[in-house]
Amino acid sequence: MKKLFSTIVAVMAMCFVSVNATAQDRSEILKVYNWADYIDEDLLEEFEEWYFQETGKKVQVSYQLFDINEVMLTKIEIGKEDYDVVCPSDYIIERMLKKDLLLPIDRNFGSTPDYTQNISPFINGLLDEVTSGIREGKNYAIGYMWGTTGIMYNTKYVTEEEASSWGILWNPKFRDKILMKDAVHDVYCSVLLYLKQDVVKKGLMTRSQVMNDYSPESIQMFLDTIAKAKDNFNGWEVDFGKERMAQEKAWVNLTWSGDAMWALEEIGDATHLAYTVPKEGSNIWFDGWVIPKYAQNVEAARYFINFMCMPENAMRNMDYIGYVSAVATPEILESKIEEDLEEEIDLSYFFGEGAESVKVNAVQYPDKKTIENCAMMHDAGDRTEALMDMWSQVKGDSLSTTSVIIIAIVVCGIVIYILKKSSKKKTKKNGVRK
Ligand code: N2P
């Protein structure tokens, strides 16, 4: 109920913003919809100046946040919100392509360089896997950040051995000490990789097949198995896990590599926090910028994406949020080298020749071997509803996520209707013609 209430309040607040925005010239507004804690916000204002310099056109960024892919998608798909740039994850980009919700991105920037060419071929390779069959991801999305899903743990209470397997989720030693990421696909694929590790070892199925198996049997298997770990769960988080781990309120967090990096840095020398990708394998993910088909400022949107691919901006975002940019230029590699690290890792898959053996933080940039144990998550297609209903059961929601979203959108519609009606009345009263 608390969740329902906060979602409705958030949606209502956004309704006020969008009703206000319609009063301004839309070509001077850029509506960006991004994950929370996922950008150096100073760059938003700097973009406005840069856009003016490059095009002579004024723009003001209207910045809004989401924390769950599926919530963002529903706002665009059902709510038809006119965001200009959005940052979904790989499998959601795939779903958006299937539903024809995206516009192709024109990379012709006239006299402005095309910085999107700085994206690593590795990320472009992942993007090649994202397709609707008709529309190819590479024409509709540009990589932003990427990483792995793994286990962040407190080394005072958890051994390296314990953290090296997804089996840690069921270890009775960690009752009420595990924070779970509220991200259905990430948790689903981690648990299935654990349950079906022998199938993978015997070569009967690939990791990608195991992770993306949404059959009724696999969904049921996940549901039954995760239920047995529930006493260990301290809660579900999307953003606050990193703080809770830094404050030692939880000992284990199923999380994304960038959140782990942020927590490790927050602690200073980070001696009691570590992050690992379990031996059964995991998902390698990326988030990319896309332009939804209801966008109203496509021009500023594509310049915004280009601006985010400038190496200096990519570095600022990385330093600020802890995640790793999809941009792979020599200056980024150089800025990431830490001579006092003992281990040298092979990052040639990302930075190309010359990066076969570099001293770079392996939480941020997984080495080649870790990558080989990972695969990408894909859209569940017509099994999505079954997956989401199962997720509501796992989390014990009294209302399913879909119902919460639909209620929130209906409330939003009513608020917009009332606001528009009252603004019409005012206009009539003042005798102003539209
Ligand atoms: C940051 C969210 C990162 C999203 N708060 C990872 N896909």
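This passage looks at the surroundings of the ligand and then at a few residues in the loops. The structure is a predicted model.

A good place to start is the ligand. Nine names make up its neighbourhood in the chain: Trp 35, Ala 36, Tyr 38, Ser 89, Asp 239, Trp 256, Trp 285, Asp 287 and Tyr 323. Sorted by character, this shell consists of 6 nonpolar residues, 1 polar residue and 2 charged residues. Both Asp 239 and Asp 287 belong to the residues around the ligand, and each brings a polar side-chain atom to a ligand nitrogen atom: the distance is 2.8 Å for Asp 239 and 2.9 Å for Asp 287. Ala 36 takes part through its backbone instead, with an N or O atom placed 2.7 Å from a nitrogen atom of the ligand. On its own, the ligand has 270 Å² of accessible area, and the protein covers 98% of this. The space that the ligand takes up is the largest cavity.

Away from the ligand, the loops offer some details that are worth finding in the picture. Two residues other than glycine have a positive phi: Lys 80, with a value near 50 degrees, and Asp 176, with a value near 60 degrees. Lys 80 sits in the loop that links helix H3 (69-77) to strand E3 (85-86). Asp 176, in turn, belongs to the loop running from helix H6 (160-163) to strand E6 (178-181). With a relative accessible area of 41%, Asp 176 counts as partly exposed, because this value falls between the limits of 20% and 50%.

Another loop, between helix H16 (348-351) and helix H17 (368-372), contains Gly 352. Gln 364 is also found in the loop between H16 and H17. Is Gln 364 buried or exposed? Its relative accessible area is 5%, which is under 20%, so Gln 364 is buried. For Gly 352 the relative accessible area is 23%, and this residue is therefore partly exposed.

Each of these two loop residues can also be paired with a residue from elsewhere in the sequence. Gly 352 and Ser 120 are 232 residues apart along the chain, while 8.5 Å separates their C-alpha atoms. For Gln 364 and Gly 258, the separation is 106 residues in sequence and 6.6 Å in space, taken from C-alpha to C-alpha.

How values were computed
Residues numbered from 1 in each chain as written. Predicted model: local features only at pLDDT ≥ 70, side-chain atom pairs only at ≥ 80, totals over all residues. Heavy atoms only, no water. Near = heavy atom within 4 Å. Polar contact = N/O pair within 3.5 Å; in protein donor to acceptor, adjacent residues only side chain to side chain. Areas by Shrake-Rupley, 256 points an atom, 1.4 Å probe, with all protein chains shown as cover. 1 Å grid on protein atoms, 1.4 Å probe; cavity = no way out; pocket = protein on both sides within 12 Å on 5 of 7 lines; lining within 4 Å. Sits in = over half its atoms within 2 Å of the grid points. Nonpolar A, V, L, I, M, F, W, Y, C, P; charged D, E, K, R; others polar. Helix = DSSP H or I, 4+ residues; strand = E, 2+ residues; numbered from the N terminus. Buried < 20%, exposed > 50% of the residue type's maximum accessible area, 1.4 Å probe, protein only.
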